[in-house]
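Hi there,

Here is the structure I promised to pass on to you. Have a look at it first, and then read on for what turned up.

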Amino acid sequence: RRLAELLRAIVSRLVQTGRLTAERSLTHRELVARSVFDSDSQRAVFAAVAGRAEAMLYGAQAGLPEDLDRTLREGGQLLAHMDEASHAR
């Protein structure tokens, strides 16, 4: 549940900042492909969040708890960075 909430928050921030449009009809992978980020490392973090959320939603594999913790931590850092960047503009 926390991962889905984090994904929604990041997508919402992407839409608010004009880095993503028409998110309602996009798959998890399309969200990654169509979003604009400042760096490849930010895209990689978002891809990990979206991919993990997709796997948990549609697959039977939850993965290792420490991997989930890392994905949540890095995704939270990405969201915080996006919030800081939007306030700096």
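Just after H1, Gly18 takes a positive phi of about 75 degrees. Please keep in mind throughout that this is a predicted model, so every value here is computed from it.

Now for the overall layout. The protein has 4 helices and 0 strands, and the order along the sequence reads α-α-α-α. Of its 89 residues, 34% count as buried.

**Helix H1**

H1 holds 15 residues, and at 1.5 Å a residue these should span 21 Å. The end C-alpha atoms of H1 are 21 Å apart, which agrees with that expectation. Which residues of H1 are buried? They are Leu3, Leu6, Leu7, Ile10, Val11, Arg13 and Leu14. These buried residues cover an arc of only 160 degrees around the axis, so they sit on the same side of H1. On the face turned away from that buried side you will find the exposed residues Arg2, Arg8 and Gln16.

**Helix H3 and how it meets H1**

For H3, 19 residues at 1.5 Å each should span 27 Å. Its end C-alpha atoms lie 26 Å apart, and this agrees too. The buried residues in H3 are Gln42, Val45, Phe46, Val49, Ala50, Arg52, Ala53 and Glu54.

How do H1 and H3 pack against each other, and at what angle? The angle is about 135 degrees, and the two axes are 10 Å apart. That angle makes H1 oblique to H3, because only angles over 145 degrees count as roughly antiparallel and those from 65 to 115 as roughly perpendicular. The crossing of H1 and H3 is left-handed.

**Salt bridges**

Side chains of opposite charge can pair when their charged atoms come close. The structure holds 5 salt bridges, and I will take you through some of them.

One of them joins Arg13 to Asp83, with the closest N and O atoms 2.7 Å apart. This pair links distant parts of the chain: Arg13 is in helix H1 (residues 2–16) and Asp83 is in helix H4 (residues 65–88), 70 residues apart. Is Arg13 buried or exposed? Its relative accessible area is 19%, and buried means under 20%, so Arg13 counts as buried. Asp83 has a relative accessibility of 24% and therefore counts as partly exposed.

Another salt bridge is formed by Glu54 and Arg29, whose closest N and O atoms are 3.2 Å apart. Glu54 lies in helix H3 (residues 40–58) and Arg29 in helix H2 (residues 28–34), so the pair ties together parts that are 25 residues apart in sequence. Glu54 is among the buried residues of H3, whereas Arg29, at 63% relative accessibility, counts as exposed.

Glu5 also forms a salt bridge, with Arg1 as its partner, and here the closest N and O atoms are 3.3 Å apart. Glu5 is partly exposed, with a relative accessible area of 38%. Arg1 counts as exposed, at 80% relative accessibility.

If you want a place to start when you open the model, try Arg13: this residue belongs to the buried set of H1 and also forms the salt bridge with Asp83. Glu54 is another one to look at, as a buried residue of H3 that forms a salt bridge with Arg29.

Happy browsing, and all the best!

Terms used:
Residues are numbered from 1 along each chain as its sequence is written. Side-chain values use heavy atoms; hydrogens and water are left out. A salt bridge is a side-chain nitrogen of Lys or Arg within 4 Å of a carboxyl oxygen of Asp or Glu. Buried means under 20% relative accessible area, exposed over 50%, partly exposed in between (1.4 Å probe, protein chains only). Helices (H or I, at least four residues) and strands (E, at least two) are DSSP runs, numbered from the N terminus. The expected span of a helix is 1.5 Å times one less than its number of residues. The arc is that of the directions from the helix axis to the C-beta atoms. Axes are lines fitted to C-alpha atoms, for helices over the stretch in contact, and angles run from 0 to 180 degrees between N-to-C directions. Angles under 35 degrees count as roughly parallel, over 145 as roughly antiparallel, 65 to 115 as roughly perpendicular and the rest as oblique. A crossing is left-handed if the near helix is turned anticlockwise from the far one by less than a right angle, and right-handed if clockwise.
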